[in-house]
Amino acid sequence: SVTLDATRGSPNVLLVVDRSGSMESNRFGAVTRWQALDGALFDPASGLVTGLESSVRFGIAMYSNDTRTMACPDLFTVPCALNNAEAIAAEYTLRTPPRGDTPTGESISAVVGMVAALVPDRRDASPTFFVLATDGEPDLCADGSALEEGRAASVAAVNEAFGLGINTYVVSVGAEVSATHLQDVANAGAGRSGAPFYVATDTAGLVDALRTIIRGVASCDVRLEGMVVPALAGDGTVRLGAEALRCGTDWMLLDDCRTIRLIG
């Protein structure tokens with residue numbers, strides 16, 4: 001009889017947030033889109049980052065092209081870590097109000113170049129995801145009206161991230177972004193056609209979209225401090241709290257022989 005210690009996988013979720021001026025000027029009813037995103041992520045009682053910070057490594061990269069600065073893109077970041085809600089919320093609040101244009105592609109490329117620092121723990125059991133939240137069509141640092149070039153740069157940057165094993169989910173905060181472009185970004189982020197993308201036209205829709213994405217990537221994999229002989233996996237007992245789980249129905253052994261995945 002052997003008892004193995006186990007550690008739940010903690011995914012890395014880097015929030016890539018559009019900090020352009022339209023996030024402040026456009027509104028969801030009584031609040032700006034920037035404020036709506038703040039509440040959806042960081043509300044002490046219901047915020048997704050606040051509620052999941054102990055099991056998901058969250059970080060943030062806010063981007064824009066603020067004409068008052070010499071650099072583009074303007075990036076403000078907090079690296080991914082557990083129990084990180086307070087640090088991210090403080091940086092988010094510090095960067096209020098949003099200003100400038102929307103160089104999404106160049107910003108994602110810059111984030112990919114910084115990924116070792118922004119996502120310091122990228123083990124096999126800790127997959128990395130980008131969640132892109134933007135309310136406007138992308139442009140370029142050199143040209144705030146370069147729509148087609150901005151779209152192409154965004155898709156290319158998301159493809160670059162996917163090449164490093166990083167999936168990207170995209171949420172349109174409002175309905176101003178072309179559905180065709182959102183689909184192209186979603187496909188690049190998932191490495192397949194028909195990948196889901198999300199359009200939020202009010203605060204409740206924004207919360208629902210983010211909840212669907214972030215809860216969907218929360219890990220159901222548990223790393224064992226030891227290995228299991230695959231043919232004998234069903235002879236072992238796996239418990240979730242006091243409940244005994246059934247092999248093949250409630251859990252499965254992955255091919256590495258040391259990771260179990262909870263099902264359902």
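## An exposed loop residue

Ala-45 is exposed in this predicted model, with a relative accessible area of 76%. You will find Ala-45 in the loop that runs between H2 and helix H3 (48-52). If you would like a sense of distance, take Met-227 as the other end: the two residues are 182 apart in sequence, and their C-alpha atoms are 40 Å apart in space.

## The six-stranded sheet

In what order do the strands of the open six-stranded sheet run? The order is E6-E5-E2-E7-E8-E9, and the pairing is mixed. At the edges are strand E6 (74-81) and strand E9 (198-200), each of which pairs on one side only. On average, neighbouring strands of this sheet are turned by 15° against each other, with direction ignored.

At the E9 end, strand E8 (residues 167-173) pairs with E9 in the parallel sense, over three bridges. Within this part of the sheet, Val-173 stands opposite Ala-200 in E9.

## Helices on the sheet

Two helices are worth following here. Helix H2 (residues 33-42) lies across strand E2 (12-18), E5, E7 and E8, and runs at about 165° to E2. Helix H4 (residues 85-94) also packs on the sheet, where it touches E2, E5 and E6. The direction of H4 makes about 10° with that of E5.

Which residues of H4 are buried? They are Ala-85, Ile-88, Ala-89, Glu-91 and Tyr-92. Seen down the axis of H4, the buried residues fall within an arc of 160°, so they line one face of the helix. Their cover includes E2, H2, H3, E5 and E6. On the face turned away from the buried side, H4 carries the exposed residues Glu-86 and Leu-94.

## Nonpolar cores

In soluble globular proteins, nonpolar side chains tend to be buried together. Here, the largest nonpolar core has 38 residues, and those with the most contacts inside it are Leu-37, Leu-206 and Leu-210. Helix H9 (residues 203-217) gives the most to this core, with seven residues.

Leu-206 makes a good starting point for a look inside. Leaving aside residues up to four places away in sequence, Leu-206 touches Phe-28, Ala-36, Leu-37, Val-171, Val-173 and Ala-200. Two of these contacts should be familiar from the sheet, where Val-173 stands opposite Ala-200. Apart from this core lies another one, of 25 residues, among them Val-115, Val-158, Val-185 and Ala-195.

## Salt bridges

Side chains of opposite charge can pair when their charged atoms come close. How many salt bridges does a search of the whole structure find? It finds ten. One of them joins Arg-57 and Asp-121, whose closest N and O atoms are 3.1 Å apart. Arg-57 lies in strand E5 (residues 57-64) and Asp-121 in the loop between helix H6 (115-118) and strand E7 (128-134), so this pair ties together parts that are 64 residues apart in sequence. Arg-57 is buried, with a relative accessible area of 11%, while Asp-121 counts as partly exposed at 22%.

Glu-91, already met among the buried residues of H4, forms a salt bridge with Arg-95, with 2.9 Å between the closest N and O atoms. The relative accessible area of Glu-91 is 15%, whereas Arg-95 counts as partly exposed at 22%. In another pair, the side chains of Glu-148 and Arg-151 meet at 3.1 Å, N to O. These two are three residues apart in helix H7 (residues 147-163), and are therefore separated by about one helical turn. Salt bridges that share partners also join Arg-33, Asp-135 and Glu-176 into one network.

## The four-stranded sheet

The structure also has an open sheet of four strands, in the order E1-E10-E14-E13 and with antiparallel pairing. Strand E1 (6-8) and strand E13 (251-253) stand at its edges with a single partner strand each, so one side of each is left without a neighbour in the sheet. From one strand to the next, the twist averages 25°.

Inside this sheet, strand E10 (residues 221-224) and strand E14 (residues 259-262) pair in the antiparallel sense over three bridges. To pick out a residue pair, look for Val-222, whose bridge partner in E14 is Ile-260.

Definitions and conventions
Residues numbered from 1 in each chain as written. Predicted model: local features only at pLDDT ≥ 70, side-chain atom pairs only at ≥ 80, totals over all residues. Heavy atoms only, no water. Salt bridge = Lys/Arg side-chain N within 4 Å of Asp/Glu carboxyl O. Buried < 20%, exposed > 50% of the residue type's maximum accessible area, 1.4 Å probe, protein only. Core = buried A, V, L, I, M, F, W, Y, C linked by side-chain atoms within 4.5 Å. Contact = heavy atoms within 4.5 Å. Pairing = 2+ DSSP bridges. Axes fitted to C-alpha atoms, helices over the stretch in contact; angles between N-to-C directions. Arc of directions from axis to C-beta.
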